[in-house]
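Okay everyone, let me put the model up on the screen. I'd like to walk you through how its parts sit together, and then a couple of residues that caught my eye.

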Amino acid sequence: MADPQVLWTLAVFFGRLSLQAFGGVNVALGSMQRFFVVEQQWLGAAEFAELFALAQTAPGPNVIVVTLLGWRVAGLAGALVSTLAMLLPAALVVYLCACTLVRNRQQQVVKALLAALAPATVGLLLASGGILARSSNHGLSGWVLTLVTAVVALSCRAHPLWLIAGGGMAGWLVQYS
(Lines give C-alpha, C1' and ligand atoms only; values in the text may rest on other atoms or scores of the structure.)
Protein backbone atom coordinates (compact mmCIF):
# COMPACT_ATOMS: atom_id res chain seq x y z
CA MET A 1 0.00 0.00 0.00
CA ALA A 2 1.29 3.46 -0.89
CA ASP A 3 2.28 5.87 1.86
CA PRO A 4 -0.64 8.31 2.38
CA GLN A 5 1.80 11.17 3.00
CA VAL A 6 3.46 10.55 -0.39
CA LEU A 7 0.06 10.42 -2.09
CA TRP A 8 -0.96 13.68 -0.43
CA THR A 9 2.32 15.30 -1.47
CA LEU A 10 1.76 14.15 -5.07
CA ALA A 11 -1.85 15.41 -5.03
CA VAL A 12 -0.92 18.84 -3.70
CA PHE A 13 2.05 19.24 -6.05
CA PHE A 14 0.20 18.19 -9.21
CA GLY A 15 -2.99 20.00 -8.20
CA ARG A 16 -1.06 23.27 -7.86
CA LEU A 17 0.98 22.58 -10.99
CA SER A 18 -2.22 21.89 -12.90
CA LEU A 19 -3.29 25.47 -12.29
CA GLN A 20 0.08 26.89 -13.37
CA ALA A 21 0.91 24.83 -16.48
CA PHE A 22 -0.41 27.02 -19.29
CA GLY A 23 0.38 25.25 -22.56
CA GLY A 24 0.36 21.69 -21.30
CA VAL A 25 2.50 19.36 -19.28
CA ASN A 26 5.70 19.97 -21.24
CA VAL A 27 5.92 23.58 -20.08
CA ALA A 28 5.91 22.34 -16.48
CA LEU A 29 8.75 19.83 -16.87
CA GLY A 30 11.19 22.15 -15.13
CA SER A 31 8.99 22.32 -12.06
CA MET A 32 8.43 18.56 -12.10
CA GLN A 33 12.16 17.86 -12.47
CA ARG A 34 13.02 20.20 -9.60
CA PHE A 35 10.32 18.67 -7.37
CA PHE A 36 11.06 14.98 -8.05
CA VAL A 37 14.85 15.17 -8.40
CA VAL A 38 16.03 18.09 -6.27
CA GLU A 39 13.41 18.68 -3.57
CA GLN A 40 12.01 15.20 -2.87
CA GLN A 41 14.99 13.21 -4.23
CA TRP A 42 12.63 10.48 -5.34
CA LEU A 43 14.40 10.17 -8.72
CA GLY A 44 17.75 10.93 -10.28
CA ALA A 45 18.03 13.40 -13.17
CA ALA A 46 18.73 10.62 -15.68
CA GLU A 47 15.76 8.55 -14.48
CA PHE A 48 13.49 11.60 -14.77
CA ALA A 49 14.68 12.16 -18.35
CA GLU A 50 14.14 8.47 -19.14
CA LEU A 51 10.56 8.55 -17.84
CA PHE A 52 9.89 11.66 -19.91
CA ALA A 53 11.34 9.95 -23.00
CA LEU A 54 9.22 6.86 -22.36
CA ALA A 55 6.09 9.01 -22.03
CA GLN A 56 6.89 10.74 -25.33
CA THR A 57 7.18 7.44 -27.21
CA ALA A 58 3.83 6.18 -25.93
CA PRO A 59 0.71 7.06 -27.89
CA GLY A 60 -1.61 9.50 -26.24
CA PRO A 61 -1.37 12.85 -24.50
CA ASN A 62 1.80 14.28 -22.96
CA VAL A 63 0.24 14.00 -19.51
CA ILE A 64 1.39 10.36 -19.49
CA VAL A 65 4.65 11.60 -17.93
CA VAL A 66 2.67 12.63 -14.83
CA THR A 67 1.19 9.13 -14.61
CA LEU A 68 4.64 7.54 -14.96
CA LEU A 69 6.15 9.79 -12.30
CA GLY A 70 3.34 8.96 -9.88
CA TRP A 71 3.67 5.24 -10.69
CA ARG A 72 7.43 5.31 -10.09
CA VAL A 73 7.06 7.00 -6.70
CA ALA A 74 3.91 5.33 -5.29
CA GLY A 75 2.74 2.56 -7.62
CA LEU A 76 -0.80 2.39 -9.01
CA ALA A 77 -2.23 4.69 -6.32
CA GLY A 78 0.46 7.26 -7.12
CA ALA A 79 -0.31 7.04 -10.82
CA LEU A 80 -4.03 7.60 -10.23
CA VAL A 81 -3.58 10.41 -7.70
CA SER A 82 -1.00 12.22 -9.83
CA THR A 83 -3.04 11.97 -13.02
CA LEU A 84 -6.30 13.08 -11.44
CA ALA A 85 -4.61 15.92 -9.54
CA MET A 86 -3.02 17.15 -12.76
CA LEU A 87 -6.19 16.92 -14.86
CA LEU A 88 -9.17 17.85 -12.71
CA PRO A 89 -8.28 21.34 -11.42
CA ALA A 90 -7.17 22.55 -14.85
CA ALA A 91 -10.20 21.01 -16.53
CA LEU A 92 -12.53 22.85 -14.15
CA VAL A 93 -10.73 26.17 -14.67
CA VAL A 94 -10.68 25.73 -18.46
CA TYR A 95 -14.40 25.00 -18.47
CA LEU A 96 -15.21 28.07 -16.39
CA CYS A 97 -12.86 30.29 -18.42
CA ALA A 98 -14.22 29.02 -21.73
CA CYS A 99 -17.75 29.87 -20.65
CA THR A 100 -16.62 33.36 -19.62
CA LEU A 101 -14.50 33.94 -22.75
CA VAL A 102 -17.32 32.93 -25.08
CA ARG A 103 -19.62 35.45 -23.41
CA ASN A 104 -16.97 38.22 -23.52
CA ARG A 105 -14.85 37.38 -26.60
CA GLN A 106 -15.25 40.85 -28.16
CA GLN A 107 -13.89 42.74 -25.17
CA GLN A 108 -10.39 44.19 -25.55
CA VAL A 109 -9.07 42.74 -22.29
CA VAL A 110 -9.98 39.21 -23.42
CA LYS A 111 -8.21 39.73 -26.75
CA ALA A 112 -5.10 41.04 -24.95
CA LEU A 113 -5.06 38.11 -22.52
CA LEU A 114 -5.22 35.56 -25.32
CA ALA A 115 -2.44 37.34 -27.24
CA ALA A 116 -0.18 37.36 -24.14
CA LEU A 117 -0.49 33.63 -23.43
CA ALA A 118 1.20 32.50 -26.67
CA PRO A 119 4.69 33.98 -26.04
CA ALA A 120 4.57 32.93 -22.39
CA THR A 121 3.87 29.35 -23.45
CA VAL A 122 6.74 29.36 -25.97
CA GLY A 123 9.12 30.60 -23.27
CA LEU A 124 8.07 27.90 -20.85
CA LEU A 125 8.49 25.21 -23.53
CA LEU A 126 12.02 26.44 -24.31
CA ALA A 127 12.92 26.43 -20.61
CA SER A 128 11.62 22.86 -20.25
CA GLY A 129 13.66 21.75 -23.25
CA GLY A 130 16.78 23.30 -21.75
CA ILE A 131 16.28 21.50 -18.44
CA LEU A 132 15.82 18.14 -20.17
CA ALA A 133 18.88 18.74 -22.36
CA ARG A 134 21.05 19.52 -19.31
CA SER A 135 19.75 16.40 -17.52
CA SER A 136 20.40 13.98 -20.36
CA ASN A 137 23.42 15.38 -22.25
CA HIS A 138 26.71 14.34 -20.67
CA GLY A 139 29.15 15.15 -23.45
CA LEU A 140 29.74 16.96 -26.69
CA SER A 141 28.07 14.24 -28.77
CA GLY A 142 24.85 14.56 -26.75
CA TRP A 143 24.74 18.32 -27.21
CA VAL A 144 25.43 18.00 -30.95
CA LEU A 145 22.67 15.41 -31.28
CA THR A 146 20.26 17.65 -29.35
CA LEU A 147 21.10 20.64 -31.56
CA VAL A 148 20.75 18.66 -34.80
CA THR A 149 17.44 17.19 -33.65
CA ALA A 150 16.10 20.62 -32.71
CA VAL A 151 17.11 22.07 -36.08
CA VAL A 152 15.50 19.16 -37.98
CA ALA A 153 12.33 19.36 -35.86
CA LEU A 154 12.00 23.10 -36.42
CA SER A 155 12.88 23.11 -40.12
CA CYS A 156 10.77 20.24 -41.45
CA ARG A 157 7.71 18.29 -40.48
CA ALA A 158 9.49 15.07 -39.52
CA HIS A 159 7.41 12.82 -37.28
CA PRO A 160 8.85 12.79 -33.72
CA LEU A 161 9.26 8.99 -33.86
CA TRP A 162 11.70 9.40 -36.77
CA LEU A 163 13.68 11.88 -34.70
CA ILE A 164 13.71 9.51 -31.73
CA ALA A 165 14.81 6.61 -33.95
CA GLY A 166 17.52 8.75 -35.52
CA GLY A 167 18.73 9.89 -32.13
CA GLY A 168 18.83 6.31 -30.89
CA MET A 169 20.84 5.20 -33.91
CA ALA A 170 23.23 8.15 -33.59
CA GLY A 171 23.71 7.41 -29.89
CA TRP A 172 24.37 3.77 -30.65
CA LEU A 173 26.91 4.68 -33.35
CA VAL A 174 28.74 7.07 -31.02
CA GLN A 175 28.79 4.53 -28.20
CA TYR A 176 29.98 1.56 -30.30
CA SER A 177 32.35 3.24 -32.74
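So, the C-alpha centres of domain 1 and domain 2 lie 19 Å apart. Keep in mind that this is a predicted model. Domain 1 covers residues 4-104, and domain 2 runs over 108-175.

How do the two domains meet? On the domain 1 side 15 residues are in contact, and on the domain 2 side 13. As for the size of an interface, people often quote the accessible area lost when the parts come together. Between domain 1 and domain 2, that buried area is about 1,200 Å², and carbon and sulfur atoms give 79% of it. Have a look at Phe22, Val27 and Leu101: of the area that domain 1 buries against domain 2, these three supply 35%, more than any other three residues.

What about charges and polar pairs across that boundary? The count of salt bridges between domain 1 and domain 2 is 0. Polar contacts come out the same way, with 0 residue pairs found across the interface, taking pairs with both residues at pLDDT 80 or more.

Now, which elements of domain 1 do the touching? Those giving two or more residues are α2 (29-39), α3 (45-57) and α4 (64-104). Helix α3 has the largest share, with 5 residues. If you sort the residues on that side of domain 1 by type, you get 9 nonpolar, 6 polar and no charged.

Okay, on to salt bridges in general. Side chains of opposite charge can pair when their charged atoms come close. How many salt bridges does the rule count? Just 1. The partners are glutamate 47 and arginine 72, and their closest N and O atoms are 2.4 Å apart. This pair links distant parts of the chain, since glutamate 47 sits in helix α3 and arginine 72 in helix α4, 25 residues apart. Are these partners buried or exposed? Glutamate 47 is partly exposed, with a relative accessible area of 24%, and arginine 72 also counts as partly exposed, at 40%.

One last stop: glutamine 41, in the loop between α2 and α3. Most residues other than glycine have a negative phi. Glutamine 41 isn't a glycine, yet its phi is positive, at about 55 degrees. Is glutamine 41 buried or exposed? With a relative accessible area of 62%, glutamine 41 is exposed.

That's my tour, thanks for listening!

Key:
Residues are numbered from 1 along each chain as its sequence is written. This is a predicted model: local features need pLDDT of at least 70, side-chain atom pairs count only at pLDDT 80 or more; totals for chains, interfaces and linings use all residues. Side-chain values use heavy atoms; hydrogens and water are left out. Domain bounds come from an automatic or database domain assignment. Contact means heavy atoms within 4.5 Å. Buried area is the accessible area (1.4 Å probe) that two parts lose on being put together, summed over both. A salt bridge is a side-chain nitrogen of Lys or Arg within 4 Å of a carboxyl oxygen of Asp or Glu. A polar contact is a pair of N or O atoms within 3.5 Å; within protein, one must be able to donate a hydrogen and the other to accept it, and residues adjacent in sequence count only if both atoms are side-chain atoms. Helices (H or I, at least four residues) and strands (E, at least two) are DSSP runs, numbered from the N terminus. Ala, Val, Leu, Ile, Met, Phe, Trp, Tyr, Cys and Pro count as nonpolar, Asp, Glu, Lys and Arg as charged, and the others, Gly among them, as polar. Buried means under 20% relative accessible area, exposed over 50%, partly exposed in between (1.4 Å probe, protein chains only).
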